[in-house]
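Welcome! Let's walk through a protein model together, one question at a time. Keep the structure open while you read.

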Amino acid sequence: MERHVIVKKEKVDSSNSVSSTTTKYPPKLQVSIKQEIVTLSSDESDVDDGHQNVGGSKPAQLERQVIVKHEKPEMPAAETKSNEMPSFKVQRVQKHPDQIVENASLASVSLPDAWYKLVLPEEIIDSGALSAVQLEPIIHACQRHKHRLPDGSRAGFLVGDGAGVGKGRIAAGIVVENYTQGRKKSVWISDSNDLKYDVERDFHDIGAEFIPVCSLNQLDSSSRMLDCEKGVLFTTYSALVEQVRSSIGIYQTGLKQLLKWCGVHFDGVIILDECHQVKELFYKGSKNESSIELAICDLQNELPNARIVYICATGVSEPRIMSYMNRLGLWGRGTSFKGSRAFIDTFESAGVMEIVGMEMKQSGMFMARQMSFKDVSFEAVEASLTLKFIKVFDNSVKLWDQLRQSLTRATEIVNSTQNMRRPLWSQYWLSHNKYFKYLSISAKVMHAVRIAKEAVKNGKCVVIGVQSTGEAYTLEQMEKEGGGLSDFVSTTKNILLSLVNRHFPVSGYYDGTVGGKRKPYYEADEKFKRKKSEPTEYYDASDLEFEGWNEGAENDRESLPSIRNQLFAQIEKLGAVLPSNWMDYLINELGGPQNVAEISNREGRVVQKDNGQILYESRSESNVYLEMINVRERERFVDGEKNIAIVSRAATNGISLHADRRVINQRRRVYILLECPSSADLAIHQFGCVHRSNQVTAPEFIILFSELAGERRFASIVAKHLENFGATNSGDRHVIEPVDPSEFSIDDQHGWLALESTMRSILGYKEPVVPPPADYLGDFCKDISEALFSVGLIKKCALGTDWAPNAFPPPYNTHLPKFLNRILGVPVELQTRLYKYFTDTLSMTIHYAKTRSDFSAMGIVDIGEGKNIHRTKLQTFTTDIATGSAAKIELHRFEFDRGMSWETAQEKWNSITGANEGFYLSNEFLNGKCGVSLIEKSDIPVSADRCDQNEFLYKVFRPNTGLQMMPQSLIDRKKKLRKVTAVEARQYWDDLYFASQTDCYHSYWYGRCAKKAMGLECRKGLRLQTYNILCGPVLSIWKDVETIVLNASGTMQVACVPVGGKRTVGLIIPTICESSISNLLTKHCGRGKF
């Protein structure tokens, strides 16, 4: 018998009178919108409706009700990150134990009305094991599963909650809901076998121990098992493609076993847990497609009635990670996109995934919340490089350069072709990148040890996060030494040895085969046979060999083994001072395996016994199998047996190491980020293992960085993210850089333009955007050019004077990810200065783009922040969405004045006293007009890395555009400006202020604008800014919208406009496109309302 969930809704009118109505809908949770985060946590206070919950006692079991009181949230006047009043009050359903937040774009739209009737066992809801925050996605997932896509398959649901919200309980709740309704079989696929025990824990925690959880490897030859005819079948993504031999000797994949167990008419739940770990699909032919992704797609195609739930901690941040989410209905029949490839290509180029996420939420297929960082503290700590380490690093650079030249020489001697050299150089650069990345990690290890010991001494426990373990090179060293070891293994040394051993051509003709297979190719007199050189096309210097080792005829007479032996000697010499594997070193320095819990994918480790003996031992124990060791190590940590844990990225997903109220070890967690992941978002996700719901104390995060590889900037971006989520910076704020949010993403069009500008400036092909460092001793551009040549980013021909600056193709590489990887192989000082030069160029590139009003950022751009902005027009259209209900599409027109009136300027002028502050006029007149500005001293030094200097940047105010986005150096501006009195400045100030209300920059200064003459929009220099924002579910007409917008502006940009205490998030529509978009919406939805 179904038990209805009764919801009592209330409206709050302007007179504060309350009218109530009772419906049979389950709770629809409301949100309160904040500047950056939105709180979703509920309140346990009683509802004034005649029912009271005295002293926290349970309501009478005879009355099965869940009563929700909705309140209209009030918006604060100022931005805040603090805990605010709850947006709803709940009886019966327990509030979530911690504050949950939602980003501003998703918070700006609402979920569809909930009509699904939960039939969960009443004891599960009564126990409070599922909070209101967790029940909401359960309701909407089950509601979504009631719908069919146009191709006939059942619609799916995406849970995009961040770490710690309780995705496991949400998934378990969905399974129990379906189990209660008679769908006794469910499938749970995750990233690791270790997570099976977390699945069992989740069912236990919500009171559903009656549902058994079995593993796929327990299936017999008939794909049946005595103890799992019903319940949850757990498996991993990798197991789906593994060949399994049955008891009768037949081989089949795990997918086939799974399908056989489910049956053709399977309509139960399939949980695709941690699906952000499923690698992206590539569309270059079947040979490049991942077998795991294909298996996931086959599973969904073979079971069209299955209730699919995707659980992805990264939400919809990138379209490519959604390539297998066919059941969301975003592509295919009835949509604007023929397939996933068309969807991915469209939104990767547009960079407007926020629009997709908002529409998915409106359609009831997606929710994404995360833990607030309100009580979390963090600190960015610099691990200073010692002189000894710098010497080792710079000597490593020299050795790799020697290795590059030796490989070039060897391939010339054996006369290998370009196609045969390609695999060799591919392996070279792969090893090069690993070497310097691992060496950079080693620079911070001792600092991490000191922090960890101090934290434990102060009564805390420590989790050290790394991305990689370097185990493969340890096993390789063991194999060479016959299974024994005489010392700790240096991972970096073994990278060098492995490259030379496997890929250096030593006898005859090198065929380029990975693994070092070589074909004899020489004459009887043992002189190498030389082929006629093949014609050489222009090639990417990063993939093939470098130009020329030209040392005459000696090349033919010198033996290749001799060259290789010289390399081995150099490697051994350097290897004597190279650091050992960071994992083994950390464990040894922190007290050995008996004191440190290792949670990784390693099978063994190198340890030092009490007698000084070094040996390799398996991580398995006499009573614990290797497959279970990570689970056991986690138990030891949370039980307080060990106070330090080292966690690799491969083992981080889904694990809980936080100070849970239910565990013994409730010491405050200190998470040390030793190795930087590939993105700041991934770092935030990995922090989730110690920052989860139901914790006694919030953790401390320590972002450990060095001056290598731009780690300071990465730490600054992570710190900014944490601040945005409400965390407190407990360290020295001057340690991190003041990074503008618009510069968070380097790998975008502005980053690539900045790199192009950096390369051309260094080679002298153009005037530099930013000047080279004045305090550098030497020729900066020349030294950088030679360093970039040594890492394959510049061709040798570019170092001469006979290469035309505009020649094509250019003699340099501007692939940004490659640039960031390769500069690791540049000496420390040059590397640091080069990265700083590049990021300064990037800042100026973005600044220029903003002043031209053509700045386009991945993500949301705030418009009119802090300005007097108002809406002047609103058109509303009604359309049907996937749920079958109606939704609104809105076309807003906003205006704001960004200028600075004379009265405001004079008030500012009266408050400044500096000798260089005041009004300035341009030294040049154009058409009788003169530029005017007001300059005020800032507290930002001219050079960010020299905070003790007396020279500061200045804020610049203009009549038409107000305060400029970036402060400027007065030294540069004084060459073009002259200081004047207020009386002299007023005429020019008023003239530009009033003219800029209608005239763009070009019209004001030159009398005409080319864009306007062509019928295009030009907003450059306008004081009154007009923005049209399109909001609502527009994916069904996306192709038409995209065509109209791109033809007018060339970019797609999502914007957030704060008005009247609300934030409107949507797509920017150029003014000249307003009528076209309005006509399109009228055709699609019918006439709109004004």
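## Charges, rings and a buried valine

Q: Is Arg404 buried, partly exposed or exposed?
A: This is a predicted model, and every value here is computed from it. Buried means a relative accessible area under 20%. Arg404 has a relative accessible area of 5%, so Arg404 is buried.

Q: Which residue forms a salt bridge with Arg404?
A: A salt bridge needs a side-chain nitrogen of Lys or Arg within 4 Å of a carboxyl oxygen of Asp or Glu. The closest N and O atoms of Arg404 and its partner are 2.4 Å apart. That partner, with a relative accessible area of 22%, is partly exposed. The residue is Asp401.

Q: Why are Asp401 and Arg404 separated by about one helical turn?
A: Both residues belong to helix H10, which covers residues 387-413. They are separated by about one helical turn because within this helix they are 3 residues apart.

Q: How many residues apart in sequence are the parts that Lys437 and Glu675 tie together?
A: The side chains of Lys437 and Glu675 meet in a salt bridge, 3.8 Å from N to O. Lys437 lies in helix H11 (residues 418-457), while Glu675 lies in the loop between S25 and helix H18 (680-687), so the pair ties together parts that are 238 residues apart in sequence.

Q: Which of the two, Lys437 or Glu675, is buried?
A: Lys437 has a relative accessible area of 34%, so Lys437 is partly exposed. A relative accessible area under 20% is needed to be buried. With 3%, the buried residue is Glu675.

Q: Which helix holds Glu476, the salt-bridge partner of Arg502?
A: The side chains of Arg502 and Glu476 meet at 3.4 Å, N to O. The pair links distant parts of the chain, 26 residues apart, with Arg502 in helix H13 (residues 491-503) and Glu476 in helix H12 (residues 471-480). The answer is helix H12.

Q: How many salt bridges does a search of the whole structure find?
A: Some salt bridges share partners, and these join Arg169, Asp198, Arg201, Asp202, Asp205, Arg634, Asp660 and Arg662 into one network. For the whole structure, the search finds 40 salt bridges.

Q: What kind of aromatic pair do Tyr435 and Phe436 form?
A: A pair of aromatic rings is described by the distance of the centres and the angle of the planes. By the pairing rule, the structure has 34 aromatic pairs. For Tyr435 and Phe436, the centres are 5.0 Å apart and the planes are at 75 degrees. Planes over 60 degrees apart count as edge-to-face.

Q: What kind of pair do the rings of Phe896 and Tyr1027 make?
A: Phe896 is in strand S30 (residues 886-897) and Tyr1027 is in strand S37 (residues 1024-1031), 131 residues apart. Their ring centres are 6.1 Å apart. With the planes at 5 degrees, the pair is stacked.

Q: Which residue's charged end sits over the ring of Trp429?
A: Trp429 belongs to a cluster linked by ring pairs, together with Phe389, Phe393, Trp400, Trp425, Tyr428, Tyr435 and Phe436. A charged end sits over the ring of Trp429, 3.7 Å from its centre. That charged end belongs to Arg822.

Q: How far apart in space are Val670 and Pro699, C-alpha to C-alpha?
A: Val670 lies in strand S25 (residues 669-673), and with a relative accessible area of 2% it is buried. Beyond residues up to four places away in sequence, Val670 touches several residues, including Ala455, Val462 and Ile702. Val670 and Pro699 are 29 residues apart in sequence, and their C-alpha distance in space is 5.8 Å.

Q: Which residues form a nonpolar patch on the surface with Leu926?
A: Leu926 lies in strand S31 (residues 918-926). At 32% relative accessibility, Leu926 counts as partly exposed. The patch has about 280 Å² of accessible area together, and the partners of Leu926 in it are Tyr1001 and Tyr1006.

Q: What share of the residues of the chain count as buried?
A: The chain comes to 30 helices and 39 strands. Its exposed area is about 47900 Å², with 49% supplied by carbon and sulfur atoms. Of its 1090 residues, the share that count as buried is 55%.

Notes
Residues are numbered from 1 along each chain as its sequence is written. This is a predicted model: local features need pLDDT of at least 70, side-chain atom pairs count only at pLDDT 80 or more; totals for chains, interfaces and linings use all residues. Side-chain values use heavy atoms; hydrogens and water are left out. Helices (H or I, at least four residues) and strands (E, at least two) are DSSP runs, numbered from the N terminus. Buried means under 20% relative accessible area, exposed over 50%, partly exposed in between (1.4 Å probe, protein chains only). Accessible areas come from the Shrake-Rupley method with a 1.4 Å probe; for residues, only the protein chains shown count as cover. Patches are made of residues with over 30% relative accessible area and no salt bridge: like charges are joined within 9 Å, nonpolar side chains (Val, Leu, Ile, Met, Phe, Trp, Tyr) within 5 Å. Rings of Phe, Tyr and Trp (its six-membered ring) pair if their centres lie within 6.5 Å; planes under 30 degrees apart count as stacked, over 60 as edge-to-face and the rest as tilted. A charge sits over a ring if NZ of Lys or CZ of Arg is within 6 Å of the ring centre and within 35 degrees of the ring normal. Contact means heavy atoms within 4.5 Å.
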